[in-house]
Amino acid sequence: MIFGKKTLAIVGGGSIATSVLRQLLDEIMKSDKRCITDVIVFDPNNKVGAGMAYQLDSPSNLLNTRAGTMSPIDDEPDHFVKWLKANPAKWESHFPKIHISEAAFLPRGLFGLYLDDLFLESVERLNSMDVSVQHVEIEIRGMRPTAAGYELQAGSLSYFADAVVLAIGNLHSGEWDHLVQESGYFNSPYPCTDLVNTISPTETVCILGTGLSAIDAVVSLADSGHRGKLIMASRGGRLPSVRGIHNSNYSPGKLSRDAIKDLLHSGNQSFSLTQLYTLLMEEIVAADGLPFDIDSILRPQTGPHRYLDIEVQDATSSNRAWQSVLYGLNESIDLIWHHLNDADKARFEKGFKSQWLAYRVSFPVDNALKLQELIHCDQLSVFGGTKRSWRDEASNSFATSIDDHRLGFRATLYSDSLVNGTGFTADAAKCKSKLVRQILDSGLAAPHPYGGIVVDFHSNELRTQAGTLLPNVYAVGALTAGTHFWTNAMNVNARLAHQVVKNLTQRADREPRSSFLTRLPQAA
Ligand SMILES: Cc1cc2nc3c(=O)[nH]c(=O)nc-3n(C[C@H](O)[C@H](O)[C@H](O)COP(=O)(O)OP(=O)(O)OC[C@H]3O[C@@H](n4cnc5c(N)ncnc54)[C@H](O)[C@@H]3O)c2cc1C
């Protein structure tokens, strides 16, 4: 059954766009109604599907999530593993020595091959149901409501759609623009193969950041036979925790979605940090069956080298139930954040967020062992207290000043190359995306104090600066970090994308085209 022509624009062609497309296919098949007749995916890259994080790159860029829970399809958490088993011809030539299991931390590029294939398969199946899908290789720079829907602008070109999903990925900051033109400066570690092919093996390389992206850069260089000195430097100087090899998947009890809803129904309007901390500790004790001493993992005064030694020891010798609990919270983390009281949200952002990140985002032991070996043979040093980096003309190299209180070390470090592995900005107002700047400047979107832009928690529709919802314009992923808190996990994004697809199809199905559009704000 067709209800008139309705066009969905997906801005961005990465893993979330793939998730939206595939789940749209599923919803249309379930309802047997072509509520959307045309899909346009906008992305300036000539290839869509995998996106930035999962592009085919160094095989040492590993997923930090077990294969069995990496899925862009909310209802099918094991879809990736099933695809791997059913389609060896599609990936074995790229990754000949990989052993497939639900528990494995597989290369991110392998997940990318799967996403590419899923995207193409979804397009074919939608086409066979008379839903057209088109990829337009263009960056959308502006959006404007019109009397008939939304106009998406790309320079002198305009495209029109009834509904829009913004899936533009992480927000890039302009903080390092002063270095972008300098030879030897890499504004991102990706693709890591570019680092390996460009940086000479004997150079001193300073990698800004001590998180997962910085680790990808170090391991890729080391695996390629880099012999020069490697430096990792960040403000906090804290490496992520190492993922335990004996951990198993954990479904939360006291912090499950249902348990949180029960607490809310029983009179709690919001939660305090203290309340949540108590529930978290109880959850960890329940998962482990043993008392839990949080100081045994925090070690704030331990320097990064010693910290990594302890982490590797713990990750290989014991069950780290606390990690399983933190990963398990993916199912309810957005709901918990939504109901945390405002004062404690601010307290958390200021005082605890970076610690949370270091513990929640752990990295596989294989790469931890590589880092450990590089440190032990003095090829790699990790510092905190980074102040600034600049091009030093006198030495014809990059200079990075650091003041690491923990190590009692203050110096300016010189390097031949400088790799920016600091990640992204959460602050929409400071990001470089022309589209985000335009929707903020025009009032169509409002910056969220905790990251990205304001979206409705339940529908993911954008909220304008006037406080009204922007009908049929949704965002998923990093752009919604302030509302949903944890948008760095595939399974969380798949759930949110599913919710958007359900809203989109139900609304398009319920409302004939005229009323689907008349709820739009007045055209500017
Ligand atoms: C290095 C890294 C490793 C990660 N590892 C894991 C992991 O192991 N497990 C896990 O669960 N999660 C992981 N994540 C988190 C998460 O899964 C990713 O952030 C996810 O890929 C986000 O997908 P996306 O589609 O939002 O963004 P992307 O894949 O970045 O895609 C966004 C796309 O939008 C396009 N775009 C941007 N602006 C515009 C515009 N104005 N017009 C048109 N197109 C535009 C870009 O070109 C890009 O292709 C990782 C993230 C990173 C960065």
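Mentor: Let's start with a term: a residue is buried under 20% relative accessible area, exposed over 50%, and partly exposed in between, using a 1.4 Å probe and protein chains only. By that rule, 56% of the 524 residues of the chain count as buried. This is a predicted model, where local features need pLDDT of at least 70, side-chain atom pairs count only at pLDDT 80 or more, and totals for chains, interfaces and linings use all residues. Residues are numbered from 1 along each chain as its sequence is written, and side-chain values use heavy atoms, with hydrogens and water left out.

Trainee: How do you know that the radius of gyration agrees with a compact globule?

Mentor: The rule, taken over C-alpha atoms, is 2.2 Å times the number of residues to the power 0.38. For 524 residues that gives a value near 24 Å, and the chain has 23 Å, so the two agree. The C-alpha atoms fill a box of roughly 70 × 55 × 50 Å along the principal axes.

Trainee: What makes up the chain in terms of helices and strands?

Mentor: There are 18 helices and 17 strands. They're DSSP runs, numbered from the N terminus: H or I of at least four residues for a helix, E of at least two for a strand.

Trainee: Why is the pair of phenylalanine 111 and tyrosine 114 called tilted?

Mentor: Rings of Phe, Tyr and Trp (its six-membered ring) pair if their centres lie within 6.5 Å; planes under 30 degrees apart count as stacked, over 60 as edge-to-face, and the rest as tilted. The structure holds 16 such aromatic pairs. In this one the centres are 5.4 Å apart and the planes sit at 45°, so the pair is tilted. Both residues lie in helix α3 (residues 108–128), 3 residues apart, about one turn of the helix.

Trainee: How do you know whether phenylalanine 111 is buried or exposed?

Mentor: Its relative accessibility is 0%, so phenylalanine 111 counts as buried. Tyrosine 114 is buried too, with a relative accessible area of 0%.

Trainee: What makes the pair of phenylalanine 348 and phenylalanine 485 edge-to-face?

Mentor: The planes are at 65°, with 5.6 Å centre to centre, and that earns the name edge-to-face. Phenylalanine 348 lies in helix α12 (residues 342–351) and phenylalanine 485 in the loop between α16 (481–484) and α17 (490–510), so the pair ties together parts 137 residues apart in sequence. Both are buried.

Trainee: Which aromatic cluster includes Phe348 and Phe485?

Mentor: One formed by Trp337, Phe348, Trp356, Tyr450, Phe485 and Trp486.
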